[in-house]
Amino acid sequence: MGDPDEALLARVAEGDPAAVRALVARKLPRLLSLAGRMLGDAAEAEDVAQETFVRAWKQARAWRPGAAKFDTWMHRVALNLCYDRLRRRREAPTDTPPEVVDDGPAPDRGLQAMETGERVAAAMGALPDRQREAIVLCHYQELSNIEAAALMGISVEALESLLSRGRRALRMALADMVGD
């Protein structure tokens, strides 16, 4: 099974603008989703995606297919950039979180959805980094357990253990929301 991005990446390395647009169109939504869920901040997620693409352009000429798929490499770069940002956050905490504006049509439903989203985001943020990474990769990025384990550099059994512990912690943190 070859790398589905190999031909496109070769065109990017040659400087083909259409290939660059195609690569961005193919990868950007998943990178934004991954970074957004890891960081909980859309602006930071955009920065991570941008930096990931910059690194992809630099790597395009030297890329040699074989050990890993290009998609896997891009996910790893994005995750590493997320972890760098998370480490910096711990070093410089902020006093108050930024306010979120609700653009929804029904204020009561929008407020309830926002509160639910905030609770889920807070519960995800409270998980240890590796558990959060496993849940994001499997549930939000929809990677298979095999793909997620390979990306994280662990066995499938270790991934399943992280998923189990993460799900259990989320269930406990959000137990009062079950009836909602």
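Leu137 touches Leu34, His75, Leu79, Glu142, Leu143, Ala148, Leu151 and Met152, leaving aside residues up to four places away in sequence. The model is predicted. In the largest nonpolar core, which has 45 residues, Leu137 is among the five that touch the most other members.

**Fold**
- The protein has eight helices and zero strands.
- Along the sequence, the pattern reads α-α-α-α-α-α-α-α.
- Take contacts between residues at least 6 apart in sequence: 62% of them join residues at least 24 apart.

**Nonpolar core**
- Leu34, Met38, Val48 and Leu159 join Leu137 as the residues touching the most other members of the 45-residue core.
- At least two core residues come from each of helix H1 (6-13), helix H2 (17-39), H3, helix H4 (70-91), helix H5 (107-126), helix H6 (129-140), helix H7 (145-152) and helix H8 (156-173).
- H4 gives the largest share of this core, with nine residues.

**Thr52**
- Thr52 sits in helix H3, which spans residues 42-60.
- Its relative accessible area is 0%, so Thr52 is buried; the cut-off for buried is under 20%.
- Thr52 touches Leu31, Met74, Val77, Ala78 and Leu81, again not counting residues up to four places away in sequence.

**Surface and burial**
- The protein has 180 residues, and 33% of them count as buried.
- Its accessible surface comes to about 11,000 Å².
- Carbon and sulfur atoms account for 54% of that surface.

Terms used:
Residues numbered from 1 in each chain as written. Predicted model: local features only at pLDDT ≥ 70, side-chain atom pairs only at ≥ 80, totals over all residues. Heavy atoms only, no water. Helix = DSSP H or I, 4+ residues; strand = E, 2+ residues; numbered from the N terminus. Buried < 20%, exposed > 50% of the residue type's maximum accessible area, 1.4 Å probe, protein only. Contact = heavy atoms within 4.5 Å. Areas by Shrake-Rupley, 256 points an atom, 1.4 Å probe, with all protein chains shown as cover. Core = buried A, V, L, I, M, F, W, Y, C linked by side-chain atoms within 4.5 Å.
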